[in-house]
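Please look through the sequence and the three-dimensional structure shown below. The explanation after them leads from strands to aromatic rings and then to a pocket.

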Amino acid sequence: MSENLRGPSGGGWLPDDGAVFCITSDPGLLEECARVAAVAGVPFESASSFRDAGREWDSGRLLLLGADIDDVPPRRRSTVVLLGRSVGRDLLWRRAGVLGVEHVAELPDAAVWLVDFLGRRRRDAGEGLILGVLGGCGGAGATTTAALLAGAFAGRGMSTALVDGDRLGCGLELGIAEEPLMGLKWPDLASASGSIDPMELESSLPRVRGVSVLSWPASTGPVPPVGSSVIERTLEAARQAFDLVVVDIGRGREGLEDFAWSSERLLLVVPARLGSTLAASRMVADLPSVPTSVLVRGALAEGVDAEHIAEAVGCPLGAHLPEMRGVVAAAEGGRLFQLVSRRAVRGMARNVLGWSLQGRNVEQASR
């Protein structure tokens with residue numbers, strides 16, 4: 001991976017120093033967690049209640065959550081390990097079902113597993129970032145935006161993958177390639193079992209102007225679905241193989257469930273119109289609890305700026321992409337990547353990158 005994406009301490013993508021945060025009012029459980037973190041060599045912080053934890057629930061760091069804490073938001077969060085004791089197993093697994101967490105640890109029996117889990121996260125700190133791009137309303141231009149971002153990131157020297165997350169769309173590759181792409185596509189992964197090798201994935205994907213592309217076929221007829229577990233394993237392999245993975249999520253429920261939940265950052269594309277702003281504000285409630293920002297597209301009406309639109313949607317502003325000539329023609333002719341050298345696209349990519357890397361202790365955001 002590109003060295004310019006690593007912080008001065010080599011901390012890579014883990015937020016700040018890679019510390020984990022534990023929330024529990026059980027002194028014994030807290031002591032065991034602190035001991036596990038010390039063995040794994042991971043900095044450790046804690047709070048005795050959800051209120052005292054402040055904004056940690058919405059941060060990117062790993063949370064160790066005690067099953068005794070019952071006032072957490074009913075929102076799925078991928079970086080949570082639910083902790084409890086073997087004697088309270090029924091309560092522990094009921095809480096896991098309510099919260100939809102992916103990892104559960106019964107202590108002290110699972111202490112060895114938890115040490116290994118924290119250690120692997122620390123070793124994997126150099127892995128890349130998955131940025132999901134989706135439209136806040138129909139016709140927002142999320143596919144075009146995702147392609148422009150991927151092309152611009154690759155132009156900055158980052159290893160970049162562009163992933164098509166809209167199975168029922170017309171095929172992302174139509175906008176970036178004048179001829180059908182030859183190489184691995186989603187249907188080829190439908191029967192994949194076990195883990196997916198990151199290097200094999202990278203070498204099998206077609207490349208367009210320095211961007212590796214994983215797309216659905218741009219063809220007529222039905223397209224077979226790919227299982228959620230395969231998608232999850234493929235994205236995990238891509239995250240290990242590339243600095244940045246840009247996912248065109250689409251607006252369908254299938255795309256949201258399979259791709260938005262696997263993204264570490266979300267970018268909501270919103271045209272600079274009142275109706276689009278209202279539609280996007282309603283959509284925010286259905287998004288996973290990961291850092292989300294707004295990209296405003298198009299010309300702004302008099303007296304309205306991009307910050308006002310983002311505020312109305314309910315998310316911080318990531319960037320504004322002004323109206324550009326030739327975008328529709330470029331998309332229809334498979335020439336979107338030819339637009340990445342424009343000043344407006346470079347500025348958008350720089351702002352989105354800076355927001356995406358906030359709190360991740362990297363130097364690239366300021367370049």
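The following paragraphs describe selected parts of this structure, which is a predicted model.

A sheet is a convenient place to begin. Strands of a sheet pair through backbone hydrogen bonds, either parallel or antiparallel. In this model, eight strands make up an open sheet with mixed pairing, and their order is E8-E9-E7-E10-E6-E11-E12-E13. The edges are taken by strand E8 (207–208) and strand E13 (317–321); each has a single partner strand, so one side of each is left without a neighbour in the sheet. At the E13 edge, strand E12 (residues 292–297) runs parallel to E13, and four bridges join the two. Within this pairing, arginine 297 stands opposite leucine 321 of E13.

Towards the beginning of the strand order stands E9 (residues 211–214), the strand that contains valine 213. This valine 213 has a relative accessibility of 1% and counts as buried, because the limit for a buried residue is under 20%. Valine 213 and valine 163 are 50 residues apart along the chain, yet their C-alpha atoms are separated by 6.0 Å.

Another strand pairing involves E4 and E5. Strand E4 (residues 80–85) and strand E5 (residues 103–107) run parallel and are joined by five bridges. How does the chain cross from E4 to E5, and what is the handedness of this crossover? The path leads through helix H2 (residues 89–99), and the resulting β-α-β crossover is right-handed. In the pairing of these two strands, arginine 85 stands opposite leucine 107 in E5.

The aromatic side chains come next. A pair of aromatic rings is described by the distance of the centres and the angle of the planes. The structure holds three aromatic pairs. One of them is formed by tryptophan 113 and phenylalanine 117, which are stacked with 5.1 Å from centre to centre and 20 degrees between the planes. Both residues belong to helix H3 (residues 111–123), where they are four residues apart, about one turn of the helix. Tryptophan 113 is partly exposed at a relative accessible area of 32%, whereas phenylalanine 117 is buried at 9%.

A further pair, tryptophan 186 with phenylalanine 259, is edge-to-face, with 5.9 Å between the centres and 70 degrees between the planes. Which parts of the chain does this pair tie together? Tryptophan 186 lies in the loop between strand E7 (160–164) and helix H5 (198–204), while phenylalanine 259 lies in helix H7 (residues 253–259), so the pair links parts that are 73 residues apart in sequence. Tryptophan 186 is buried, with 0% relative accessibility, and phenylalanine 259 is buried as well, with a relative accessible area of 2%. Together with Trp216, these residues Trp186 and Phe259 form one aromatic cluster.

The last subject is empty space. Rolling a probe the size of a water molecule over the atoms shows where empty space is left. The second largest pocket holds about 530 Å³ of space. Its lining consists of 25 residues, and those nearest the centre of the pocket are Gly139, Ala140, Gly141, Ala142 and Arg297. Arg297 has already appeared above, opposite leucine 321 in E13. Helix H4 (142–155) and helix H10 (327–332) each contribute at least two residues to the lining of this pocket, and H4 gives the most, with three residues. By class, the lining comprises eleven nonpolar, eight polar and six charged residues.

Note on methods:
Residues numbered from 1 in each chain as written. Predicted model: local features only at pLDDT ≥ 70, side-chain atom pairs only at ≥ 80, totals over all residues. Heavy atoms only, no water. Pairing = 2+ DSSP bridges. Right-handed = clockwise from strand over helix to strand, strands pointing away. 1 Å grid on protein atoms, 1.4 Å probe; cavity = no way out; pocket = protein on both sides within 12 Å on 5 of 7 lines; lining within 4 Å. Points joined across faces, edges and corners; volume = space filled by probe spheres on them. Nonpolar A, V, L, I, M, F, W, Y, C, P; charged D, E, K, R; others polar. Phe/Tyr/Trp six-rings, centres within 6.5 Å; stacked < 30°, edge-to-face > 60°. Buried < 20%, exposed > 50% of the residue type's maximum accessible area, 1.4 Å probe, protein only.
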